[in-house]
Amino acid sequence: MLKSMLVADYMSRRVITLSPDQSVHDAIRVLLENQISGAPVVNENGQLIGMFSESDCLKGALQASYHDTEIGTVSEYMTLDLQTVNGQTSILDAAEIFLADHRRRLPVVDDDKLVGQISRRDLLRAMDDFNRNPS
């Protein structure tokens with residue numbers, strides 16, 4: 001049953017992260033090189049403090065262009081309103097969050113530390129596993 005399948009079993013544990021003081025130009029390069037649309041932003045203690053996405057890049061570029069300034073750092077444009085799950089969250093509950101909030105990925109946090117990330121594709125893998133082995 002999907003309710004018994006856990007985020008911890010399907011999340012990515014090797015997550016590409018950004019730091020708040022990284023330049024937006026550098027963050028864009030990281031996103032492009034890793035073919036990802038966004039990444040968690042963590043502080044020096046590994047605590048999740050924001051999310052940075054392609055939309056945030058565009059927002060920074062537009063503001064810098066409009067004001068004729070440099071684009072700035074990740075911390076200036078990252079999303080602070082975070083929605084997270086923990087490893088014990090069910091795949092079903094995660095799916096409900098994805099649908100309700102139109103998220104592409106959710107950071108997985110345990111004890112205030114980023115431990116992974118789960119994406120919509122990870123949920124599809126879980127559903128495929130369930131359909132192949134419904135026991």
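**Helix 5.** I looked up which residues of helix 5 are buried in this predicted model, and found Asp122, Leu123 and Ala126 among the buried ones. I then checked how they sit around the axis: they cover an arc of only 100°, which puts them on the same side of helix 5. On the other side of helix 5 I noted Arg121, Leu124, Asn131 and Arg132 as exposed. I also asked what covers the buried residues, and the cover includes helix 4 and strand 4 (113–119). For the length, I have 13 residues and 19 Å from the first C-alpha to the last, close to the 18 Å expected at 1.5 Å a residue.

**The largest core.** Leu123 of helix 5 came up again when I turned to the largest nonpolar core, which has 15 residues. Leu123 is listed with Val7, Val85, Ile91 and Ile118 as having the most contacts inside this core. I looked up which elements give two or more residues to the core: helix 4 (91–101), strand 3 (105–110) and helix 5 (120–132). Helix 4 gives the most, with 5 residues.

I followed up Ile118. Setting aside its neighbours within four places in sequence, I find Ile118 in contact with Val7, Tyr10, Met11, Val85, Ile91, Phe98, Arg105, Leu106, Val108 and Leu123.

**The second core.** I recorded a second, separate core of 14 residues, with Val24, Ala39, Cys57 and Tyr77 among them.

**Helix 1.** Val24 led me to helix 1 (residues 24–34), where the buried residues are Val24, Ala27, Val30 and Leu31. Seen down the axis, these fall within an arc of 115°, so they line one face of helix 1. Leu32 and Glu33 are exposed on the other side. I looked up what the buried residues pack against, and I list strand 1, strand 2, helix 2 (54–67) and helix 3 (74–77). After helix 1 comes Gln35, and I noted its positive phi, near 50°.

**Strands 1 and 2.** I checked how strand 1 (residues 38–42) meets strand 2: 5 bridges join them, and they run antiparallel. Ala39, which I had already noted in the second core, stands opposite Phe52 in strand 2. The hairpin of strand 1 and strand 2 has 5 residues between the strands, and in this hairpin Gly46 takes a positive phi near 80°.

My last check was on burial in strand 2 (residues 48–53). I found 5 of its 6 residues buried, so strand 2 is largely enclosed by the rest of the structure.

Note on methods:
Residues numbered from 1 in each chain as written. Predicted model: local features only at pLDDT ≥ 70, side-chain atom pairs only at ≥ 80, totals over all residues. Heavy atoms only, no water. Core = buried A, V, L, I, M, F, W, Y, C linked by side-chain atoms within 4.5 Å. Buried < 20%, exposed > 50% of the residue type's maximum accessible area, 1.4 Å probe, protein only. Helix = DSSP H or I, 4+ residues; strand = E, 2+ residues; numbered from the N terminus. Contact = heavy atoms within 4.5 Å. Pairing = 2+ DSSP bridges. Expected span 1.5 Å × (residues − 1). Arc of directions from axis to C-beta.
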